[in-house]
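Here is a brief report on one protein model. It covers ring pairs, charged contacts and two helices.

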Amino acid sequence: MTERNDSLLPNEQETVMVYFDPELIQTMADRSAAKRQNFRELLSAAEEGSLDAAYRLGLNYYEGSDGAPKDEAQALRWLTKAAEGDHIAAQYSLGMCHLRGVGTEKDPVRAVELLSGAAEQGYLPALCELGLCYELGSGVEMSKERAAELYREAAEQDFAPAQCNLGFFYYHGIAVEEDDAQAAEWFAKSAQQGYHRAEFLLGECYENGYGVEKDLEKAVELYTRAHKGRHPGGTCSLGECYAAGMGVPKDEKRAAQLYGQSAERGEARAMYLLGECYEKGAGVEQDLAKARELYRQAADKKYQKALDALERLD
């Protein structure tokens with residue numbers, strides 16, 4: 001690997017003259033200075049009691065953006081201050097901090113309290129996240145029925161994640177009667193807003209004719225959109241289309257590349273399928289050791305086909 005040149009001068013063997021645009025450098029310096037100034041102004045406003053400034057400051061500390069250093073403890077502090085002043089978005093964000101353990105220990109019960117407060121005021125992200133808490137039994141007694149109610153309330157107000165979640169309930173008959181047509185309809189509404197999980201699931205509907213007329217080209221289009229949005233399921237399914245020549249020309253090398261990208265994002269199905277590629281030499285050079293490694297990674301995620309493959313190889 002080439003070592004970085006830490007000098008401000010080019011390496012001795014460098015023969016190409018590099019031109020630095022002084023106007024560009026000055027613009028970047030000006031932007032940096034402006035961010036620092038904006039941060040100071042935001043901090044001052046928050047200290048003077050502005051709830052919106054406190055909320056924005058909390059987010060900036062969480063993200064390490066707009067002149068603020070990344071500091072989860074400071075993020076929690078300022079989001080708490082805004083939430084205590086009944087700032088609805090801050091209540092939601094603070095709830096997510098307690099749910100994920102950002103700047104504090106995980107406390108799903110406290111998270112549900114905060115999300116409920118924001119949901120009662122009609123804050124759509126809180127309605128959807130509270131639905132997920134009920135679906136998983138996180139911080140509250142599990143109730144798929146209550147989850148469905150909350151998803152529907154947010155979905156009917158065009159909140160894309162809730163539309164996708166409600167569609168998934170119809171897709172699998174969770175707390176509602178299984179209905180592929182309803183599932184596809186909700187997935188479509190969500191996908192139209194660019195929600196990548198919905199694009200992936202709607203692609204699956206078109207691939208298999210679930211609730212819609214089968215259309216492989218449409219499936220590929222949706223999987224491609226989901227892949228471009230870095231959804232691992234969409235990337236993996238697009239790989240399967242290339243592997244089978246389904247809606248696109250068959251290309252095993254491209255399939256293996258897509259499986260690899262999906263596997264890097266934690267998709268167990270992709271780990272298994274890439275393992276198959278290495279086992280069979282499809283799109284990659286055959287490598288049984290690599291195949292076993294990938295099967296084992298997928299098996300660690302309880303992917304049954306990978307468990308079966310390991311047993312077969314052993």
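## Tyr 171 and its ring partners

Tyr 171 is buried, because its relative accessibility is 7% and the cut-off for buried is under 20%. The model is a predicted one. Phe 187 is buried too, with a relative accessible area of 0%. Tyr 171 and Phe 187 form an aromatic pair. Their ring centres lie 5.4 Å apart, and the planes stand at 85°, which makes the pair edge-to-face. Tyr 171 belongs to helix H8, while Phe 187 belongs to helix H9 (residues 180–191). The pair therefore ties together parts of the chain that are 16 residues apart in sequence. Tyr 210 joins these two residues, and the three form one aromatic cluster.

## A second pair, between H7 and H8

How many aromatic pairs does the structure hold? The count comes to 8. One of them is Tyr 151 with Phe 169, again edge-to-face. Here the centres are 5.4 Å apart, with 80° between the planes. Tyr 151 sits in helix H7 (residues 144–155) and Phe 169 in helix H8 (residues 160–172). The two residues are 18 apart, so this pair links distant parts of the chain.

Are these two rings buried or exposed? Tyr 151 is buried, at 0% relative accessible area. Phe 169 is buried as well, at 1%.

## Charges over rings

Two rings carry a charged end above them. Lys 70 places its charged end over the ring of Tyr 62, 4.9 Å from the ring centre. Arg 197 does likewise with Phe 168, at 4.8 Å from the centre.

## Salt bridges

Side chains of opposite charge can pair when their charged atoms come close. The whole structure contains 13 salt bridges. One of them joins Arg 56 to Asp 52, with the closest N and O atoms 3.9 Å apart. Both residues lie in helix H2 (residues 51–63). They are 4 residues apart, so about one helical turn separates them. Arg 56 is partly exposed at 43% relative accessibility. Asp 52 is partly exposed at 39%.

Helix H11 holds linked bridges. Lys 218 pairs with Glu 221, and their closest N and O atoms are 3.6 Å apart. These two are 3 residues apart, about one turn of the helix. Glu 221 also bridges to Arg 225, with a closest N to O distance of 4.0 Å. That spacing is 4 residues, again about one turn. Lys 218 is partly exposed at 25% relative accessibility. Glu 221 is partly exposed at 39%, and Arg 225 at 30%. Shared partners join Glu 199, Lys 218, Glu 221 and Arg 225 into one network.

## Helix H6

Helix H6 covers residues 124–136. Its 13 residues should span 18 Å at 1.5 Å a residue. The end C-alpha atoms are 19 Å apart, which agrees. Is H6 mostly covered or mostly open? It is mostly covered, with 10 of its 13 residues buried.

The buried set includes Leu 124, Leu 127, Leu 130 and Tyr 134. Cys 128 and Cys 133 are in it too. So are two acidic residues, Glu 129 and Glu 135. Among the elements that cover the buried residues are helix H4 (88–100), helix H5 (108–120), H7 and H8. After H6 comes Gly 137, with a positive phi near 70°.

## Helix H13

Helix H13 runs over residues 252–264 and has 13 residues. From first C-alpha to last it reaches 18 Å, close to the 18 Å expected at 1.5 Å a residue. What caps its N-terminal end? Asp 251 does. One of its side-chain oxygens lies 3.3 Å from the backbone nitrogen of Lys 253. Just after the helix, Gly 266 takes a positive phi of about 95°.

The buried residues of H13 are Ala 255, Ala 256, Leu 258, Tyr 259, Gly 260, Ser 262 and Ala 263. These pack against helix H11 (216–228), helix H12 (232–244) and helix H14 (268–280).

How values were computed
Residues numbered from 1 in each chain as written. Heavy atoms only, no water. Expected span 1.5 Å × (residues − 1). Buried < 20%, exposed > 50% of the residue type's maximum accessible area, 1.4 Å probe, protein only. Contact = heavy atoms within 4.5 Å. Polar contact = N/O pair within 3.5 Å; in protein donor to acceptor, adjacent residues only side chain to side chain. Phe/Tyr/Trp six-rings, centres within 6.5 Å; stacked < 30°, edge-to-face > 60°. Lys NZ or Arg CZ within 6 Å of the ring centre and 35° of its normal. Salt bridge = Lys/Arg side-chain N within 4 Å of Asp/Glu carboxyl O.
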